[in-house]
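Me: I'd like to learn how to read salt bridges and helix packing off a model. Can you walk me through it?

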Amino acid sequence: MNLIRRVYDKVLDVLEPADEPTILPSGSIRKIPTELLSRICSAKLAEQCRLLDIPFLEVTLDRLSYAQPSLNGKVSAELAAFTYFQAQGYQGSYREGHAILNLMRCACLDFLRQRTPFGDPVDASRHYFEAQCTSLQMHSEKIVHEIASATHRSVSSNLRSFLRHNVEESLYPTMDHAAMVALWDALGAQKVAEIASIFVQDPYGFRAGWPDLTITRDGKVLFIEIITTDKLHKSQVRTIYELIKPADLDIRVLRVKYAKASC
């Protein structure tokens with residue numbers, strides 16, 4: 001079986017396009033210094049944002065209008081904030097990391113299918129992307145190459161396939177094809193590949209710290225971490241410092257409060 005796999009790998013290498021992607025997962029992650037990480041994690045939220053050089057915003061929402069139960073029946077500050085931004089014309093996802101991880105997946109879905117038993121498209125669509133990146137670590141450059149080479153048409157087609165295999169099973173019920181395509185068009189292949197080139201170096205670490213909201217409007221993408229009474233955790237600080245800031249993504253922290261009910 002290992003011999004067959006090695007031969008298969010050689011065949012894939014021969015069939016690869018001659019042009020290499022402009023972005024590859026070479027070099028190391030810009031690791032956050034231990035002392036700075038400790039300082040940020042021990043600081044209050046506003047100071048955390050200042051140290052990370054990201055905007056810290058606050059919004060007060062009407063509980064009756066925005067504090068609606070999410071899929072698990074509990075009131076979700078993330079859903080409340082997402083509804084607030086939807087009213088301003090934004091579209092996207094309020095489930096932590098779902099949009100960007102699955103966008104990267106769909107940009108390289110054909111390659112992921114090749115790596116599943118019997119080329120099963122359902123299997124390629126249902127495994128978590130961070131798990132796929134980990135199991136295919138030796139092929140990280142190929143994953144990034146595929147993403148950098150993806151087109152609007154290929155991503156749109158793969159998204160339809162992905163959603164068909166998952167939404168019906170309620171694995172990603174909040175994802176919308178039009179919103180995901182808008183996200184791809186706003187970021188572009190090279191920017192998504194740049195994100196992937198960092199992500200593949202620590203898939204589970206960056207997955208754990210990804211911001212809650214990924215939204216887009218008029219070709220602009222925002223990544224927003226929603227806070228109520230807490231502050232940024234270690235994984236979130238690492239992801240912001242080591243991936244989101246180096247990739248020059250627009251990240252904000254939003255504290256959500258609910259207006260007190262009038263008597």
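Me: Is R252 buried, partly exposed or exposed, going by its relative accessibility?

Reply: Keep in mind that this is a predicted model. R252 has 22% relative accessibility, so it counts as partly exposed, given that buried means under 20%. D250, at 23%, is partly exposed too. These two form a salt bridge, with the closest N and O atoms 2.9 Å apart. Salt bridges with shared partners also join E58, R255 and K257 into one network.

Me: How many salt bridges are there by this rule?

Reply: The general idea: side chains of opposite charge can pair when their charged atoms come close. Here the count is 14. One of them links R207 and E96, at 3.4 Å from N to O. R207 sits in helix α14 and E96 in the loop between β2 and α6, so the pair ties together parts 111 residues apart in sequence. R207 is buried at 19%, while E96 is partly exposed at 28%.

Me: What separates R238 and E242 along helix α15?

Reply: About one helical turn, because they are four residues apart in that helix. Their side chains meet in a salt bridge at 2.6 Å, N to O, and both residues are buried.

Me: And the packing: at what angle do α10 and α13 pack?

Reply: About 165°, with the axes 7 Å apart. Angles over 145 degrees count as roughly antiparallel, so that's what α10 is to α13. The crossing is right-handed. On the α10 side, V144, I147 and A148 make the contact, meeting α13 residues including V192 and A196. By class, the contact has seven nonpolar, two polar and no charged residues.

Definitions and conventions. Residues are numbered from 1 along each chain as its sequence is written. This is a predicted model: local features need pLDDT of at least 70, side-chain atom pairs count only at pLDDT 80 or more; totals for chains, interfaces and linings use all residues. Side-chain values use heavy atoms; hydrogens and water are left out. Axes are lines fitted to C-alpha atoms, for helices over the stretch in contact, and angles run from 0 to 180 degrees between N-to-C directions. Helices (H or I, at least four residues) and strands (E, at least two) are DSSP runs, numbered from the N terminus. Angles under 35 degrees count as roughly parallel, over 145 as roughly antiparallel, 65 to 115 as roughly perpendicular and the rest as oblique. A crossing is left-handed if the near helix is turned anticlockwise from the far one by less than a right angle, and right-handed if clockwise. Contact means heavy atoms within 4.5 Å. Ala, Val, Leu, Ile, Met, Phe, Trp, Tyr, Cys and Pro count as nonpolar, Asp, Glu, Lys and Arg as charged, and the others, Gly among them, as polar. A salt bridge is a side-chain nitrogen of Lys or Arg within 4 Å of a carboxyl oxygen of Asp or Glu. Buried means under 20% relative accessible area, exposed over 50%, partly exposed in between (1.4 Å probe, protein chains only).
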